[in-house]
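Visitor: I am new to protein structures. Could you take me through this one step by step?

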Amino acid sequence: MDPKKKDLMAQKITESRAMLVKENPFFGHLAMQMKVAGAPCGTACTDGSRLIFDPDFVERLNDREIQFVVLHEILHCALGHCMRGRGLHAETYNRACDIVVNSLILQMWHCTSFTVDGKIPGHLTPDGQEGRLFNAEEVYGMLVKAGRPGNGNGNSEASAVDRHDLWRGIADPARLKDIWNGRIRKAAESCGSQSRLPQIARTLAERVDYDSKVNWRQLLHDFMHFDDYDYTFLPPDRRFSDQDFFLPAFHICEEEGRVPDVWICVDTSASVCEEELSDLMAEIRDAMRQTGMTGTISFFDSSVTDPEPFSSEEELKAQKPVGGGGTSFYAIFRYLKEHIYPALPRAILIFTDGYAECPQEEAALRVPVLWLISRGGRTDFPWGTVTEI
(Lines give C-alpha, C1' and ligand atoms only; values in the text may rest on other atoms or scores of the structure.)
Protein backbone atom coordinates (compact mmCIF):
# COMPACT_ATOMS: atom_id res chain seq x y z
CA MET A 1 0.00 0.00 0.00
CA ASP A 2 1.43 3.37 -1.05
CA PRO A 3 2.39 5.22 2.20
CA LYS A 4 1.58 8.62 0.66
CA LYS A 5 -1.90 7.49 -0.38
CA LYS A 6 -2.45 6.00 3.05
CA ASP A 7 -1.47 9.26 4.75
CA LEU A 8 -3.69 11.23 2.39
CA MET A 9 -6.57 8.86 3.15
CA ALA A 10 -6.09 9.30 6.90
CA GLN A 11 -6.06 13.07 6.54
CA LYS A 12 -9.21 13.17 4.42
CA ILE A 13 -11.10 10.81 6.77
CA THR A 14 -10.03 12.86 9.79
CA GLU A 15 -11.27 16.06 8.15
CA SER A 16 -14.52 14.38 7.16
CA ARG A 17 -15.19 13.16 10.71
CA ALA A 18 -14.38 16.60 12.14
CA MET A 19 -16.88 18.18 9.74
CA LEU A 20 -19.46 15.56 10.69
CA VAL A 21 -19.02 16.38 14.39
CA LYS A 22 -19.71 20.03 13.57
CA GLU A 23 -22.67 19.49 11.23
CA ASN A 24 -24.27 16.45 12.86
CA PRO A 25 -23.00 15.90 16.43
CA PHE A 26 -24.95 12.65 16.94
CA PHE A 27 -23.34 10.83 14.02
CA GLY A 28 -20.10 12.68 14.57
CA HIS A 29 -19.96 11.21 18.07
CA LEU A 30 -20.53 7.71 16.68
CA ALA A 31 -17.90 8.22 13.97
CA MET A 32 -15.28 9.23 16.54
CA GLN A 33 -15.83 5.95 18.40
CA MET A 34 -14.53 3.93 15.44
CA LYS A 35 -10.94 3.30 14.43
CA VAL A 36 -9.90 4.10 10.85
CA ALA A 37 -7.93 1.57 8.83
CA GLY A 38 -6.74 1.16 5.25
CA ALA A 39 -7.02 -1.98 3.11
CA PRO A 40 -7.15 -2.80 -0.64
CA CYS A 41 -10.90 -3.55 -0.44
CA GLY A 42 -11.93 -1.63 -3.54
CA THR A 43 -14.28 0.75 -1.74
CA ALA A 44 -15.00 0.71 2.01
CA CYS A 45 -16.21 -1.73 4.66
CA THR A 46 -16.69 -2.15 8.40
CA ASP A 47 -16.46 -4.95 10.92
CA GLY A 48 -18.49 -3.00 13.47
CA SER A 49 -15.37 -1.64 15.16
CA ARG A 50 -13.39 -0.05 12.32
CA LEU A 51 -14.03 2.17 9.33
CA ILE A 52 -11.94 0.56 6.59
CA PHE A 53 -11.18 2.38 3.34
CA ASP A 54 -9.27 1.64 0.19
CA PRO A 55 -6.84 4.59 -0.24
CA ASP A 56 -7.37 4.53 -4.04
CA PHE A 57 -11.13 4.83 -3.50
CA VAL A 58 -10.78 7.73 -1.04
CA GLU A 59 -8.41 9.52 -3.43
CA ARG A 60 -11.21 9.66 -6.02
CA LEU A 61 -13.82 11.10 -3.63
CA ASN A 62 -14.55 14.66 -2.60
CA ASP A 63 -15.26 15.64 0.99
CA ARG A 64 -19.02 15.23 0.67
CA GLU A 65 -18.70 11.79 -0.89
CA ILE A 66 -16.40 10.66 1.92
CA GLN A 67 -18.92 11.89 4.47
CA PHE A 68 -21.64 9.91 2.68
CA VAL A 69 -19.55 6.74 2.93
CA VAL A 70 -18.75 7.36 6.62
CA LEU A 71 -22.46 7.81 7.40
CA HIS A 72 -23.24 4.72 5.33
CA GLU A 73 -20.92 2.54 7.43
CA ILE A 74 -22.09 4.02 10.74
CA LEU A 75 -25.74 3.40 9.89
CA HIS A 76 -25.01 -0.24 9.02
CA CYS A 77 -23.60 -0.62 12.55
CA ALA A 78 -26.16 1.50 14.38
CA LEU A 79 -29.08 -0.28 12.72
CA GLY A 80 -27.52 -3.66 13.51
CA HIS A 81 -27.21 -4.72 9.86
CA CYS A 82 -23.78 -6.26 10.35
CA MET A 83 -25.05 -8.28 13.35
CA ARG A 84 -28.02 -9.76 11.45
CA GLY A 85 -28.69 -11.52 8.18
CA ARG A 86 -27.38 -14.96 9.18
CA GLY A 87 -28.94 -17.60 6.96
CA LEU A 88 -30.04 -15.10 4.29
CA HIS A 89 -28.69 -14.86 0.76
CA ALA A 90 -25.65 -12.63 1.29
CA GLU A 91 -25.81 -10.53 -1.88
CA THR A 92 -29.54 -9.90 -1.56
CA TYR A 93 -29.28 -8.99 2.12
CA ASN A 94 -26.35 -6.67 1.39
CA ARG A 95 -28.35 -4.83 -1.25
CA ALA A 96 -31.33 -4.54 1.11
CA CYS A 97 -29.17 -2.98 3.82
CA ASP A 98 -27.66 -0.51 1.35
CA ILE A 99 -31.09 0.55 0.09
CA VAL A 100 -32.19 1.35 3.65
CA VAL A 101 -29.13 3.36 4.71
CA ASN A 102 -28.75 5.23 1.41
CA SER A 103 -32.37 6.35 1.61
CA LEU A 104 -31.87 7.52 5.21
CA ILE A 105 -28.83 9.61 4.26
CA LEU A 106 -30.67 11.23 1.36
CA GLN A 107 -33.50 12.12 3.75
CA MET A 108 -31.03 13.70 6.19
CA TRP A 109 -29.44 15.67 3.40
CA HIS A 110 -32.78 16.71 1.88
CA CYS A 111 -31.92 15.44 -1.59
CA THR A 112 -33.38 12.83 -3.94
CA SER A 113 -30.17 11.44 -5.41
CA PHE A 114 -26.42 11.47 -4.88
CA THR A 115 -23.31 10.26 -6.67
CA VAL A 116 -20.36 8.45 -5.11
CA ASP A 117 -17.35 7.74 -7.31
CA GLY A 118 -19.49 8.31 -10.40
CA LYS A 119 -22.22 5.87 -9.31
CA ILE A 120 -25.66 6.50 -7.87
CA PRO A 121 -26.15 4.53 -4.62
CA GLY A 122 -29.42 2.60 -4.74
CA HIS A 123 -32.11 3.82 -2.35
CA LEU A 124 -35.41 2.51 -3.76
CA THR A 125 -37.19 -0.77 -3.19
CA PRO A 126 -38.19 -2.86 -6.25
CA ASP A 127 -41.62 -1.18 -6.29
CA GLY A 128 -40.10 2.30 -6.21
CA GLN A 129 -40.57 3.20 -2.54
CA GLU A 130 -37.88 4.79 -0.37
CA GLY A 131 -35.87 2.19 1.52
CA ARG A 132 -36.02 4.19 4.77
CA LEU A 133 -39.69 3.25 5.12
CA PHE A 134 -38.72 -0.38 5.81
CA ASN A 135 -36.17 -2.41 7.71
CA ALA A 136 -33.52 -4.46 5.93
CA GLU A 137 -35.40 -7.76 6.25
CA GLU A 138 -38.54 -6.24 4.71
CA VAL A 139 -36.57 -4.90 1.74
CA TYR A 140 -34.84 -8.30 1.48
CA GLY A 141 -38.26 -9.94 1.14
CA MET A 142 -39.21 -7.48 -1.60
CA LEU A 143 -36.01 -8.24 -3.51
CA VAL A 144 -36.55 -11.99 -3.21
CA LYS A 145 -40.14 -11.65 -4.39
CA ALA A 146 -38.96 -9.53 -7.31
CA GLY A 147 -36.56 -12.33 -8.29
CA ARG A 148 -33.38 -10.25 -8.21
CA PRO A 149 -30.94 -8.95 -5.61
CA GLY A 150 -30.96 -5.47 -7.12
CA ASN A 151 -29.34 -2.33 -5.71
CA GLY A 152 -32.47 -0.22 -5.78
CA ASN A 153 -31.88 0.94 -9.34
CA GLY A 154 -33.02 -2.21 -11.08
CA ASN A 155 -29.68 -4.03 -11.42
CA SER A 156 -27.29 -6.12 -9.36
CA GLU A 157 -23.99 -4.37 -10.02
CA ALA A 158 -21.46 -4.02 -7.20
CA SER A 159 -22.30 -1.53 -4.48
CA ALA A 160 -21.28 2.04 -5.22
CA VAL A 161 -20.31 2.56 -1.60
CA ASP A 162 -18.98 -0.52 0.22
CA ARG A 163 -18.71 -4.27 0.61
CA HIS A 164 -19.92 -6.42 3.48
CA ASP A 165 -17.59 -9.43 3.48
CA LEU A 166 -16.42 -8.81 7.05
CA TRP A 167 -19.92 -9.08 8.52
CA ARG A 168 -19.87 -12.88 8.28
CA GLY A 169 -16.72 -12.96 10.39
CA ILE A 170 -18.16 -11.12 13.41
CA ALA A 171 -17.72 -13.66 16.21
CA ASP A 172 -20.06 -12.20 18.84
CA PRO A 173 -22.91 -10.19 17.25
CA ALA A 174 -24.81 -9.88 20.55
CA ARG A 175 -21.85 -8.26 22.30
CA LEU A 176 -21.28 -5.91 19.35
CA LYS A 177 -24.94 -4.93 19.46
CA ASP A 178 -24.64 -4.07 23.16
CA ILE A 179 -21.58 -1.94 22.42
CA TRP A 180 -23.42 -0.01 19.73
CA ASN A 181 -26.50 0.44 21.90
CA GLY A 182 -24.28 2.04 24.53
CA ARG A 183 -22.67 4.31 21.92
CA ILE A 184 -26.04 5.40 20.56
CA ARG A 185 -27.35 6.14 24.05
CA LYS A 186 -24.31 8.26 24.92
CA ALA A 187 -24.38 10.05 21.56
CA ALA A 188 -28.03 11.01 22.13
CA GLU A 189 -27.36 12.18 25.68
CA SER A 190 -24.39 14.27 24.54
CA CYS A 191 -26.70 16.16 22.18
CA GLY A 192 -29.15 17.17 24.92
CA SER A 193 -32.76 17.50 23.81
CA GLN A 194 -33.85 14.92 21.23
CA SER A 195 -35.66 17.67 19.35
CA ARG A 196 -32.24 18.72 18.04
CA LEU A 197 -31.55 15.32 16.51
CA PRO A 198 -32.34 14.23 12.93
CA GLN A 199 -35.33 11.91 12.71
CA ILE A 200 -33.21 8.78 12.20
CA ALA A 201 -31.10 9.69 15.26
CA ARG A 202 -34.25 10.07 17.38
CA THR A 203 -35.49 6.73 16.10
CA LEU A 204 -32.18 5.05 16.94
CA ALA A 205 -32.16 6.53 20.44
CA GLU A 206 -35.74 5.40 21.08
CA ARG A 207 -35.01 1.92 19.71
CA VAL A 208 -32.00 1.55 22.00
CA ASP A 209 -34.03 2.50 25.06
CA TYR A 210 -36.64 -0.06 24.07
CA ASP A 211 -33.91 -2.69 23.83
CA SER A 212 -33.99 -2.95 27.61
CA LYS A 213 -34.15 -6.60 28.68
CA VAL A 214 -36.67 -5.70 31.39
CA ASN A 215 -40.36 -6.15 30.62
CA TRP A 216 -41.36 -3.16 32.76
CA ARG A 217 -45.05 -3.46 31.98
CA GLN A 218 -45.21 -7.01 33.32
CA LEU A 219 -42.81 -6.36 36.20
CA LEU A 220 -44.66 -3.34 37.56
CA HIS A 221 -48.07 -4.87 36.87
CA ASP A 222 -47.14 -7.90 38.99
CA PHE A 223 -45.47 -5.80 41.69
CA MET A 224 -48.34 -3.36 42.14
CA HIS A 225 -51.07 -6.00 41.64
CA PHE A 226 -53.01 -3.94 39.10
CA ASP A 227 -56.57 -4.93 38.32
CA ASP A 228 -58.78 -3.62 35.58
CA TYR A 229 -61.00 -1.99 38.17
CA ASP A 230 -60.54 0.40 41.05
CA TYR A 231 -62.79 2.03 43.60
CA THR A 232 -62.89 5.28 45.51
CA PHE A 233 -65.01 7.04 48.13
CA LEU A 234 -64.49 10.35 46.29
CA PRO A 235 -67.20 10.62 45.14
CA PRO A 236 -69.25 7.84 46.84
CA ASP A 237 -71.60 5.71 44.78
CA ARG A 238 -74.60 7.99 44.14
CA ARG A 239 -76.98 5.04 43.79
CA PHE A 240 -76.97 4.79 47.60
CA SER A 241 -76.97 8.51 48.45
CA ASP A 242 -80.24 8.21 50.41
CA GLN A 243 -78.86 5.54 52.77
CA ASP A 244 -77.20 5.96 56.16
CA PHE A 245 -73.92 4.53 54.89
CA PHE A 246 -71.59 5.17 51.98
CA LEU A 247 -70.26 2.67 49.46
CA PRO A 248 -67.25 3.29 47.27
CA ALA A 249 -67.80 4.08 43.60
CA PHE A 250 -66.62 1.18 41.46
CA HIS A 251 -65.21 2.04 38.04
CA ILE A 252 -62.95 0.84 35.29
CA CYS A 253 -59.50 2.44 35.36
CA GLU A 254 -59.31 5.07 32.63
CA GLU A 255 -55.99 3.83 31.30
CA GLU A 256 -55.40 0.17 31.99
CA GLY A 257 -51.83 -0.69 32.88
CA ARG A 258 -50.61 2.83 33.64
CA VAL A 259 -48.37 3.22 36.67
CA PRO A 260 -49.20 6.49 38.45
CA ASP A 261 -47.78 8.19 41.53
CA VAL A 262 -44.52 6.34 42.15
CA TRP A 263 -41.48 7.73 43.95
CA ILE A 264 -38.26 6.76 42.22
CA CYS A 265 -35.05 6.90 44.25
CA VAL A 266 -31.78 6.55 42.31
CA ASP A 267 -28.53 5.60 44.04
CA THR A 268 -25.82 8.16 43.20
CA SER A 269 -23.32 7.08 45.85
CA ALA A 270 -19.63 6.62 45.11
CA SER A 271 -20.09 2.86 44.56
CA VAL A 272 -22.25 3.51 41.47
CA CYS A 273 -20.06 4.41 38.49
CA GLU A 274 -21.06 6.91 35.82
CA GLU A 275 -21.80 4.19 33.25
CA GLU A 276 -24.08 2.33 35.68
CA LEU A 277 -25.89 5.56 36.51
CA SER A 278 -26.40 6.28 32.82
CA ASP A 279 -27.84 2.79 32.34
CA LEU A 280 -30.15 3.21 35.35
CA MET A 281 -31.55 6.46 33.95
CA ALA A 282 -32.08 4.76 30.59
CA GLU A 283 -34.00 1.97 32.33
CA ILE A 284 -36.22 4.52 34.06
CA ARG A 285 -37.04 6.20 30.76
CA ASP A 286 -37.81 2.82 29.23
CA ALA A 287 -40.07 1.94 32.16
CA MET A 288 -41.91 5.19 31.65
CA ARG A 289 -42.47 4.54 27.94
CA GLN A 290 -43.65 0.98 28.52
CA THR A 291 -46.04 1.76 31.36
CA GLY A 292 -46.92 5.46 31.25
CA MET A 293 -45.31 5.75 34.68
CA THR A 294 -45.59 9.15 36.40
CA GLY A 295 -44.61 10.43 39.81
CA THR A 296 -41.50 11.95 41.36
CA ILE A 297 -37.78 11.21 41.27
CA SER A 298 -35.03 11.75 43.87
CA PHE A 299 -31.33 10.96 44.03
CA PHE A 300 -29.68 9.67 47.16
CA ASP A 301 -26.35 8.80 48.74
CA SER A 302 -26.21 9.56 52.47
CA SER A 303 -29.03 12.08 51.95
CA VAL A 304 -31.98 12.43 49.59
CA THR A 305 -32.78 15.20 47.13
CA ASP A 306 -36.27 16.69 47.15
CA PRO A 307 -38.63 14.72 44.88
CA GLU A 308 -39.05 16.30 41.44
CA PRO A 309 -42.28 15.53 39.54
CA PHE A 310 -42.14 13.96 36.08
CA SER A 311 -44.80 13.08 33.56
CA SER A 312 -42.76 13.05 30.34
CA GLU A 313 -39.46 11.73 29.04
CA GLU A 314 -38.15 15.27 28.61
CA GLU A 315 -38.76 15.98 32.29
CA LEU A 316 -36.81 12.86 33.21
CA LYS A 317 -33.93 13.83 30.95
CA ALA A 318 -33.81 17.27 32.55
CA GLN A 319 -32.95 15.70 35.91
CA LYS A 320 -29.31 16.04 36.91
CA PRO A 321 -28.10 13.25 39.25
CA VAL A 322 -26.17 14.52 42.27
CA GLY A 323 -24.33 12.53 44.92
CA GLY A 324 -21.02 10.77 45.29
CA GLY A 325 -20.97 10.06 49.02
CA GLY A 326 -21.84 7.01 51.08
CA THR A 327 -25.10 5.07 50.73
CA SER A 328 -27.97 5.24 53.22
CA PHE A 329 -31.34 3.59 52.70
CA TYR A 330 -32.36 5.01 56.08
CA ALA A 331 -32.25 8.48 54.47
CA ILE A 332 -34.99 7.51 52.00
CA PHE A 333 -37.45 6.31 54.60
CA ARG A 334 -36.63 9.10 57.02
CA TYR A 335 -37.50 11.58 54.26
CA LEU A 336 -40.69 9.60 53.54
CA LYS A 337 -41.84 9.99 57.16
CA GLU A 338 -40.70 13.58 57.75
CA HIS A 339 -41.51 15.25 54.43
CA ILE A 340 -43.96 13.13 52.39
CA TYR A 341 -46.33 11.56 54.92
CA PRO A 342 -49.34 11.51 54.89
CA ALA A 343 -49.51 12.05 51.09
CA LEU A 344 -47.72 8.78 50.47
CA PRO A 345 -46.81 7.54 46.97
CA ARG A 346 -48.43 4.44 45.56
CA ALA A 347 -45.06 2.67 45.44
CA ILE A 348 -41.34 3.32 45.92
CA LEU A 349 -38.85 2.14 43.29
CA ILE A 350 -35.23 2.16 44.49
CA PHE A 351 -32.53 1.80 41.82
CA THR A 352 -29.30 0.79 43.56
CA ASP A 353 -26.36 -1.62 43.72
CA GLY A 354 -27.75 -2.65 47.11
CA TYR A 355 -24.64 -2.09 49.23
CA ALA A 356 -25.99 -0.45 52.38
CA GLU A 357 -27.75 -1.48 55.57
CA CYS A 358 -31.48 -2.02 55.18
CA PRO A 359 -33.87 -0.53 57.79
CA GLN A 360 -36.84 -2.41 59.22
CA GLU A 361 -39.88 -2.88 56.97
CA GLU A 362 -41.98 -0.63 59.22
CA ALA A 363 -39.96 2.34 57.94
CA ALA A 364 -41.77 2.06 54.57
CA LEU A 365 -45.07 3.03 56.22
CA ARG A 366 -46.80 0.16 54.37
CA VAL A 367 -45.86 1.60 50.97
CA PRO A 368 -44.80 -1.24 48.59
CA VAL A 369 -41.06 -1.09 47.84
CA LEU A 370 -39.37 -2.50 44.74
CA TRP A 371 -35.58 -2.85 45.03
CA LEU A 372 -34.12 -2.68 41.49
CA ILE A 373 -30.57 -3.97 41.75
CA SER A 374 -27.90 -3.38 39.12
CA ARG A 375 -26.31 -6.60 37.93
CA GLY A 376 -23.76 -7.93 40.38
CA GLY A 377 -25.21 -5.99 43.31
CA ARG A 378 -26.54 -7.27 46.61
CA THR A 379 -29.94 -8.99 46.36
CA ASP A 380 -30.50 -10.45 49.86
CA PHE A 381 -32.96 -7.84 51.10
CA PRO A 382 -35.10 -9.05 54.05
CA TRP A 383 -38.28 -7.41 52.77
CA GLY A 384 -39.80 -5.76 49.72
CA THR A 385 -39.65 -7.10 46.17
CA VAL A 386 -36.15 -7.53 44.72
CA THR A 387 -35.38 -7.60 40.98
CA GLU A 388 -31.99 -7.62 39.29
CA ILE A 389 -31.74 -5.46 36.18
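Visitor: In what order do the six strands of the open sheet stand?
Guide: Keep in mind that this is a predicted model. The sheet is open and its pairing is mixed. Its neighbouring strands are turned by 25° against each other on average, direction ignored. The order is β8-β7-β6-β9-β10-β11.

Visitor: Which strands stand at the edges of that sheet?
Guide: Look for strands with a single partner. Such a strand has one side without a neighbour in the sheet, so it stands at an edge. The two are β8 (308–310) and β11 (385–388).

Visitor: Over how many bridges do β9 and β10 pair?
Guide: Strand β9 covers residues 347–352, and strand β10 covers residues 369–373. One bridge takes Ile348 to its partner Val369 in β10. The two strands pair in the parallel sense, and the number of bridges is five.

Visitor: At what angle does helix α9 run to β10?
Guide: Helix α9 spans residues 216–224 and packs on the sheet. It touches β6 (262–267), β9, β10 and β11. Its direction and that of β10 make an angle of about 145°.

Visitor: Which strands does helix α12 lie across?
Guide: Helix α12 is made of residues 329–340. Against β9 it runs at about 150°. The strands it lies across are β6, β7 (295–300), β9 and β10.

Visitor: How far apart are the axes of α1 and α2?
Guide: Two packed helices are described by an angle and a distance between their axes. Helix α1 holds residues 3–23 and helix α2 holds residues 25–32; their angle is about 145°. The crossing is left-handed. The axes are 6 Å apart.

Visitor: How many residues in the contact of α1 with α2 are nonpolar?
Guide: From α1 come Arg17, Leu20, Val21, Lys22 and Glu23. From α2 come Pro25, Phe27, Gly28, Ala31 and Met32. Three of these residues are charged and one is polar. The nonpolar ones number six.

Visitor: Is Phe26 buried or exposed?
Guide: Phe26 lies in helix α2. Leaving aside neighbours within four places in sequence, its contacts include Ile184, Ala187, Cys191 and Leu204. Its relative accessibility is 0%, and the cut-off is under 20%, so Phe26 counts as buried.

Visitor: What distance separates the C-alpha atoms of Phe26 and Leu197?
Guide: Along the chain, these residues are 171 residues apart. Leu197 is nevertheless among the contacts of Phe26. Their C-alpha atoms are separated by 7.1 Å.

Visitor: Which residue of β3 is the bridge partner of Cys45?
Guide: Strand β2 (residues 44–46) and β3 run antiparallel, joined by three bridges. On β3, residues 50–53 also pair with β1 (residues 35–38), in the parallel sense over four bridges. Ala37 stands opposite Ile52 in β3. The partner of Cys45 in β3 is also Ile52.

Visitor: Which residue takes a positive phi in the hairpin of β2 and β3?
Guide: The hairpin has three residues between the strands. A phi near 90° is found there, and the residue that takes it is Gly48.

Visitor: What percentage of the residues of the chain count as buried?
Guide: The chain has twelve helices and eleven strands. It exposes about 19500 Å², and carbon and sulfur atoms supply 51% of that. Of its 389 residues, the share that counts as buried is 48%.

Note on methods
Residues are numbered from 1 along each chain as its sequence is written. This is a predicted model: local features need pLDDT of at least 70, side-chain atom pairs count only at pLDDT 80 or more; totals for chains, interfaces and linings use all residues. Side-chain values use heavy atoms; hydrogens and water are left out. Axes are lines fitted to C-alpha atoms, for helices over the stretch in contact, and angles run from 0 to 180 degrees between N-to-C directions. A crossing is left-handed if the near helix is turned anticlockwise from the far one by less than a right angle, and right-handed if clockwise. Contact means heavy atoms within 4.5 Å. Ala, Val, Leu, Ile, Met, Phe, Trp, Tyr, Cys and Pro count as nonpolar, Asp, Glu, Lys and Arg as charged, and the others, Gly among them, as polar. Two strands pair if DSSP finds at least two bridges between them. Buried means under 20% relative accessible area, exposed over 50%, partly exposed in between (1.4 Å probe, protein chains only). Accessible areas come from the Shrake-Rupley method with a 1.4 Å probe; for residues, only the protein chains shown count as cover.
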